[in-house]
Amino acid sequence: MRTITATLVSLLFGVVAYAGPTAVSTEKADSNNAFYAGETFDYVLKAPAHFKMITGEARKDGYSFAFIPDSCAYRSAHMLIGVNIYKVRSLSFTNVLANDTTSMRQHYGPDLVIRPLDSVSNGSGQPLTAFYLDNKKQFIANVMTAYFYGNTELLILELSMAPSTLRSDAENAFMQCLTRFTVTRRGELGA
């Protein structure tokens, strides 16, 4: 099997940044794109327009990597799209989702509203399980979260923002990130 990827940065859970042309897109890939080779799927996550990928500082905060506006430093970013990639093997997605939503409710309290978002899919057309988070009594930094379950890997993307950020701008950037996220089945090149 031939591997045609150039590894730039080794990230948490084996995520690597990817630079170089892709076979399915004419869009230029750069250091703000992440490539992860899973057991049965390959994942490409691209930064939204005017965002950059951050690895080291994001890993210290528990993310595999994050996307922030390209005009900001990590610590002063007014919005952040945090990405986590986990090996799950035989772990049930239903159990992961139940545990995650329970943790969110415990963290934000009983006034947290978790509303499912319908018809959210990635750039490959695969459905994502996505939620909008809200609390009418107080500001919460986490606004949206989306999950992609690839049977052996679980990708979680979450949108966080500062109180001064326009919610619509943050949501648009997050949705752009989701639609630029592609998943392809792994295979062999050549015969």
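**Reading a predicted fold**

Visitor: Which residue in β7 is the bridge partner of phenylalanine 67?

Guide: In this model, which is predicted rather than determined by experiment, phenylalanine 67 has isoleucine 81 of β7 as its bridge partner. The two strands β6 and β7 run antiparallel and are joined by 3 bridges; since a pair of strands needs at least two bridges to count as paired, β6 and β7 pair.

Visitor: What makes β7 and β11 a pair of strands?

Guide: The same cut-off of at least two bridges applies, and β7 is joined to β11 by 9 bridges, with the two strands running antiparallel. One position to look for is glycine 82, which stands opposite glutamate 158 in β11.

Visitor: Why is β7 described as largely enclosed by the rest of the structure?

Guide: A residue is called buried when its relative accessible area is under 20%. Of the 9 residues of β7, 7 are buried, and therefore the strand is described as largely enclosed by the rest of the structure.

Visitor: How do you know that the span of helix α3 agrees with what is expected?

Guide: Helix α3 covers residues 167-180, and its 14 residues should span 20 Å at 1.5 Å a residue; the C-alpha atoms at its ends are 20 Å apart, so the two values agree.

Visitor: Why are the buried residues of α3 said to line one face of the helix?

Guide: The buried residues in α3 are Ala170, Ala173, Phe174, Cys177 and Leu178. When one looks down the axis of α3, they fall within an arc of 140 degrees, and so they line one face of the helix. These buried residues pack against β4, β5, β6, β7, β10 and β11.

Visitor: Which residues touch the most other members of the largest nonpolar core?

Guide: That core has 33 residues, and those touching the most other members are Tyr43, Leu45, Phe65, Phe67, Phe174 and Phe181. Its largest share, 5 residues, comes from α3. Another core, of 14 residues, lies apart from it and has Phe93, Leu97, Tyr108 and Leu133 among its members.

Visitor: What is phenylalanine 174 in contact with?

Guide: Leaving aside neighbours within four places in sequence, phenylalanine 174 is in contact with Ile81, Met144, Thr145, Ala146, Leu157, Glu158 and Leu159.

Visitor: Why are the buried residues of α2 placed on the same side of that helix?

Guide: Helix α2, made of the 16 residues 93-108, reaches 22 Å from its first C-alpha to its last, close to the 22 Å expected at 1.5 Å a residue. Its buried residues are Phe93, Val96, Leu97, Thr101, Met104 and Tyr108. Because they cover an arc of only 125 degrees around the axis, they lie on the same side of α2. What covers them includes β8, β9, β10 and β11, whereas the face turned away from the buried side carries the exposed residues Asn99 and Gln106.

Visitor: What caps the N-terminal end of α2?

Guide: Serine 92 does so, with a side-chain oxygen 3.2 Å from the backbone nitrogen of threonine 94. After α2 comes glycine 109, whose phi is positive, near 95 degrees.

Visitor: Why does tyrosine 108 count as buried or exposed?

Guide: The relative accessibility of tyrosine 108 is 16%, and a residue under 20% is buried, so tyrosine 108 counts as buried. Its side chain is joined to that of asparagine 142 by a polar contact of 2.7 Å. The C-alpha atoms of tyrosine 108 and isoleucine 140 are separated by 7.6 Å, although the two residues are 32 residues apart along the chain.

Visitor: Why does aspartate 134 count as buried or exposed?

Guide: Aspartate 134, which lies in strand β9, has a relative accessible area of 12%, and it is therefore buried by the limit of under 20%. A polar contact of 2.8 Å joins its side chain to that of lysine 136.

Visitor: Why does histidine 50 count as buried or exposed?

Guide: Exposed means over 50% relative accessible area, and histidine 50, at 62%, therefore counts as exposed. Histidine 50 is placed in the loop between β4 and β5, and its phi is near 70 degrees, a positive value in a residue other than glycine. Serine 119, in the loop between β8 and β9, likewise has a positive phi, of about 55 degrees, although it is not a glycine; its relative accessible area is 78%, so serine 119 is exposed.

Note on methods
Residues are numbered from 1 along each chain as its sequence is written. This is a predicted model: local features need pLDDT of at least 70, side-chain atom pairs count only at pLDDT 80 or more; totals for chains, interfaces and linings use all residues. Side-chain values use heavy atoms; hydrogens and water are left out. Helices (H or I, at least four residues) and strands (E, at least two) are DSSP runs, numbered from the N terminus. The expected span of a helix is 1.5 Å times one less than its number of residues. Buried means under 20% relative accessible area, exposed over 50%, partly exposed in between (1.4 Å probe, protein chains only). The arc is that of the directions from the helix axis to the C-beta atoms. Contact means heavy atoms within 4.5 Å. A polar contact is a pair of N or O atoms within 3.5 Å; within protein, one must be able to donate a hydrogen and the other to accept it, and residues adjacent in sequence count only if both atoms are side-chain atoms. A nonpolar core is a set of buried Ala, Val, Leu, Ile, Met, Phe, Trp, Tyr and Cys residues joined through side-chain atoms within 4.5 Å.
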